[in-house]
Amino acid sequence: MTTLEFKNVTKIYNVRGFGQIKALDEVSFTLRSHQTIGLVGQSGSGKSTIAKILTQLETPTRGEVLLDGAPIPRGGKGLRKYRQQLRMVFQDPFASLNPYHSIRHHIERPLRLDKVVPRDQLDDEVRRLLLRVRLEPDAVMERRPHELSGGQRQRVAIARALASRPSLLVADEPVSMLDVSIRLGVLNLLADLQREEGLGVLYITHDLATARHFSDEIMVLNQGKVVERGTADDVILHPHDPYTQELRAASPDPEEFFRDRSARTLGGVR
Amino acid sequence: MTDPLLSIRDFSVVYDVDPPVAAVKNVTIDIERGEIVGLAGESGSGKTTLAYGIQRLLKPPAVITSGDVVFHDADGEDIDINSLGVEEMRRFRWDKISMVFQGAMNALNPVTTIGAQLDDVFLIHRPEMNRTERRAAVVDLLEIVKVGGARIRSYPHELSGGMRQRVMIAMALALRPQLMVMDEPTTALDVLVQREILKQISQLRHEFGFSVIFITHDLPLLLEISDRIAIMREGAIVELATSEQIWSDPEHEYTRSLLSSFPRLTGEKGVVVR
C-alpha cells in the first residue's frame, strides 16, 4: 500500500514583467494505491502544475509532498527511487516517444535503469509488458514510433510507464490527442491495469464525462484552488460549487439536451 | 419546404497514389440555407477531404473523379463550382464560402497584427474600399466576435486560444459569406471556451443567416449544435438525419457504435453501450 500526500502545496511562478502567478494555492489531497482520482479544471487551473510537482520537475513554494510519510528526495538515488514508484503517461504520444528509437528500446530503458529484471530476462519482460497493453510483441517491438498509430503509441507509453512496476501513475490527458473511436479502448485498458496491478492513478483531464466514468473520486481545480471534491457521481451529478456547475453546463450532454428539448416542444404543443 | 444553398451530387475524390485511395465516394447531399450540417467520422473517413473538395481546395495527388457542386446564390444565380475559371474561383472563395481552419494557433500569421490580417481580406476582395473604410470594417468585425476593436494591433501570440479562434471566425465572417466551413473549430480549446465559441457561432448564424458545415469527431458536441448530421465512414455518408434522429433512433450500425464510444456525462454509469 503506497500513500502519496500532497500537503498544503502552494506554487508561485515569478514571471518577468508580469509579477507573481499563484499556480497552486494550498492544495491538499491523498492518493493511495487501488484508487483513481480524477483531477478536472479548465486550461490554466493548475492541473499540470500538480503533475509537475508530483514528478519533481517543479518544487513547491510552500507545503510538502510526502510518499509514505517521507518527503521526496531532491536528487540522486532517492529521487530515482521515488520516480520508480510514480510514473507518468503524457498527453501527446507523438511527442513523448523518441522517433530515433525502436519500441523495444523505449521499454527496455527503464528496465535497465531501474534494474527491474536480470539482463537475460529483458526480452521476456518487454514482451510481457507489450502483451499487458494488448500489443502484439512481434508486430511492434522492432518498429519505430512513426510506424504506429496514435492509439498504439499511447499503449507503448503506458507499457513504458509500467516497466518500473510503479505503484502510482499520473495520466495527464492520456487520450485527448487520440481519435474518438479508440479513446474508450485506451481508457478501459488503463482502468483494467489500475484494477489488476492495484495502481493509484491520478487522471488529469478536462473531459468531465470520462472523469466521471473512470474515477472513484474527483477534485475540481479552479485558479489553483480545489473548489470541490467528492465521489465521482456526487461531483458531476450534484455539483455544489458554482465553478463545477459552470463546467458541467459547458460540457456537451446530449442526454440532457434532448430531454430539455422534447420537454420544451411538448410544452409548446399543449 | 427546401431551399438548398449547396447541392452536392455524386461527388468523389481519389488520391492518385499507388495504390489509389478512394477518399470520398459518391457523396450526394444538399446543404439548406441557414442550417448547420455536422460532418462526423473518424480520422481518415473523408470528412475534411469532402469539405475541401467542394471548394476545389485540394492539391494533387487528390483528383475529383466525379460529381457536381452547385451553389445557389442568394441573388438567384446557380453557380457550378467545377466550371469556374481560375479568376472566377478566386473571387468566389471567401466571398460565398469561407472557412474556419483547424487549430487557430497555427492558422494566423505570427509576425503580423491581427488587424493587418483582417485588412488583407478586404484589400483583396473589396478593392473599392479605402483605408478608412477597411479599418472601420476590421474594428466592426472584432467587435462582432467580442474580441474588441482595441485589439486591432495585437499579434496572435498576445491573444488566448479562444480569442485567436474568434479572430478566425471574424475573418471568415468578413465578406458575409452564405456558407462557412468549420473544420474542428473548437478541438484545441477547453470546455468553457468551447461553449462560448459555440454560442457565438449559433448567435452569428441567427444574425447573418449563413449555413455552416461543421466538421468534428466530437459527436456529443455535434448533436447539440447541428440541425442535421452526416455520419461518414470510409469516404461515404452512411447515415444522414436530424441530430435528434441520430441520437434517439440511429439506423446504421456504425452510427450506433460511434455513439457508444462516448461515455455519458449524466447517463447511467457503466452503461456506455446503448
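The exercises below concern a predicted model of a complex that contains chains A and B.

**Exercise 1. Determine how much confidence the predictor assigns to chain B and to the complex.**

Solution. Begin with the chain as a whole: the mean pLDDT of chain B is 87, and 96% of its residues reach 70 or more. Next, locate the weak stretch: over residues 270-274 of chain B the pLDDT is below 50, although this stretch has seven contacts in the model beyond near neighbours in sequence. Where pLDDT is low, predicted coordinates should not be read in detail. Finally, turn to the complex, for which the predictor gives an ipTM of 0.73 and a pTM of 0.80.

**Exercise 2. Describe the side of chain B that touches chain A.**

Solution. First, count the participants: 26 residues of chain B are in contact with 26 residues of chain A. Second, identify the elements of chain B that give two or more residues to this side, namely α7 (191-208), α8 (219-225) and α9 (243-248). Third, classify the residues on the side of chain B: eleven are nonpolar, seven polar and eight charged.

**Exercise 3. Decide whether Gly53(B) is buried or exposed, and identify its contacts.**

Solution. Place the residue first: Gly53(B) belongs to helix α1 (residues 47-53) of chain B. Then apply the cut-off, by which a residue is buried if 20 or more other C-beta atoms lie within 10 Å of its own. Gly53(B) counts as buried because it has 24 C-beta neighbours inside 10 Å. Leaving aside residues up to four places away in sequence, Gly53(B) touches Phe11(B), Val13(B), Val24(B), Leu58(B) and Ile64(B). As a further distance, the C-alpha atoms of Gly53(B) and Tyr15(B) are 12 Å apart, with the two positions 38 residues apart in sequence numbering.

**Exercise 4. Establish which residues of α4(B) are buried and where they lie around the helix axis.**

Solution. Consider the helix dimensions: α4 (residues 114-125) of chain B has twelve residues and reaches 17 Å from its first C-alpha to its last, close to the 16 Å expected at 1.5 Å a residue. The buried residues of α4(B) are Ile114(B), Gly115(B), Leu118(B), Asp119(B), Val121(B) and Phe122(B). They lie on the same side of α4(B) because they cover an arc of only 145° around the axis. In an α-helix there are 3.6 residues a turn, so residues three or four places apart point the same way. The last step is to find the packing partners: the buried residues of α4(B) pack against α5 (131-144) and α6 (161-173) of chain B.

**Exercise 5. Characterise the annotated span of chain A.**

Solution. The unreviewed UniProt entry carries the annotation "domain: ABC transporter" for residues 4-248 of chain A. In the model, this span is 39% helix and 28% strand, and its end C-alpha atoms lie 29 Å apart.

Conventions
Residues numbered from 1 in each chain as written. Chains lettered and ligands numbered in written order. Predicted model: local features only at pLDDT ≥ 70, side-chain atom pairs only at ≥ 80, totals over all residues. pLDDT = per-residue confidence, 0-100. Helix = DSSP H or I, 4+ residues; strand = E, 2+ residues; numbered from the N terminus. Nonpolar A, V, L, I, M, F, W, Y, C, P; charged D, E, K, R; others polar. Buried ≥ 20, exposed ≤ 12 C-beta atoms within 10 Å, placed from the backbone. Contact = placed C-beta atoms within 7 Å. UniProt positions renumbered as here; feature names shortened; annotations may be inferred. Expected span 1.5 Å × (residues − 1). Arc of directions from axis to C-beta.
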